[in-house]
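Let's take a friendly walk through a protein model together. Have the sequence and the 3D view ready, and keep turning the view as you read.

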Amino acid sequence: NYKANWSDLMTLCSPDKIWIITAILFLVLASIANVFVPKYTGDILDALVVNSTDATAAAAADGLKTGATLLQSGSILDISGFLPKIILLVIVSLLGGIFGGIRGAIFTVVGARINVRLRLQL
């Protein structure tokens, strides 16, 4: 009875070690990018809430009985820092998706190559 161990697996994977290291690098990059998504989402919500409270205070000072709307100035893009934060969120999300896709593709190819190598040894 033969029992495979870790050294056998590492020997089987050794021709693809550069690809595995590259895939791990993209795994780390995708994780770092995905960590920033909640931060930028929170920053965007903070900007909206600050603008909303400012607009509500301005409406109360003007004596408006109907309350203030979120967009007193007419456009959501006029909110201070809103557009740059949206752009950062889109960039970080796209990078996370691209890095995750590259990582998945590399691991799929490496897995297939290891599978072929293993079948040839049988």
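## Getting your bearings

A residue is called buried when its relative accessible area is under 20%, exposed when that value is over 50%, and partly exposed in between. With that in hand, here is a starting number: buried residues make up 20% of the 122 residues in this protein. Keep in mind that you are looking at a predicted model.

The secondary structure is easy to take in, with 3 helices and 0 strands. Following the sequence from start to end, you meet the pattern α-α-α. Which contacts tie the chain together? Among contacts with a separation of 6 or more, 79% are between residues 24 or more positions apart.

## Two pairs of rings

How many aromatic pairs does the structure hold? There are 2 of them. In one, the ring centres of Phe26 and Phe99 are 5.9 Å apart, and their planes meet at 50 degrees, so this pair is described as tilted. It joins distant parts of the chain, as Phe26 belongs to helix α2 (residues 17-62) and Phe99 to helix α3 (residues 82-121), 73 residues apart. Phe26 and Phe99 are both buried.

The other pair is Phe36 with Tyr40, and it is stacked: the distance is 6.2 Å centre to centre, with 25 degrees between the planes. The word stacked applies because planes under 30 degrees apart count that way. Both Phe36 and Tyr40 sit in helix α2, 4 residues apart, which is about one turn of the helix.

Are these two rings buried or exposed? Phe36 has 36% relative accessibility, so Phe36 counts as partly exposed. Tyr40 has a relative accessible area of 15%, so Tyr40 is buried.

## An arginine with distant partners

Now find Arg117 in helix α3. Its relative accessible area is 19%, so Arg117 is buried. Which residues does Arg117 touch, once its neighbours within four places in sequence are left aside? The answer is Leu12, Cys13, Pro15 and Asp16.

Two of these partners deserve a second look. A polar atom of the Arg117 side chain lies 2.6 Å from the backbone oxygen of Leu12. Pro15 is 102 residues away from Arg117 along the chain, yet their C-alpha atoms are separated by 10.0 Å.

## The largest pocket

How do we find gaps in a model like this? Rolling a probe the size of a water molecule over the atoms shows where empty space is left. Here, the largest pocket has a volume of about 170 Å³.

Its lining is made by Tyr2, Ala4, Asp8, Leu9, Thr11, Leu12, Leu118 and Gln121. Two elements, α1 (6-13) and α3, each give two or more residues to that lining. The largest share, 4 residues, comes from α1. Sorted by character, the lining residues divide into 5 nonpolar, 2 polar and 1 charged. You have already met one of them: Leu12 lines this pocket, and Leu12 is also in contact with Arg117.

Notes
Residues numbered from 1 in each chain as written. Predicted model: local features only at pLDDT ≥ 70, side-chain atom pairs only at ≥ 80, totals over all residues. Heavy atoms only, no water. Phe/Tyr/Trp six-rings, centres within 6.5 Å; stacked < 30°, edge-to-face > 60°. Buried < 20%, exposed > 50% of the residue type's maximum accessible area, 1.4 Å probe, protein only. Contact = heavy atoms within 4.5 Å. Polar contact = N/O pair within 3.5 Å; in protein donor to acceptor, adjacent residues only side chain to side chain. 1 Å grid on protein atoms, 1.4 Å probe; cavity = no way out; pocket = protein on both sides within 12 Å on 5 of 7 lines; lining within 4 Å. Points joined across faces, edges and corners; volume = space filled by probe spheres on them. Nonpolar A, V, L, I, M, F, W, Y, C, P; charged D, E, K, R; others polar.
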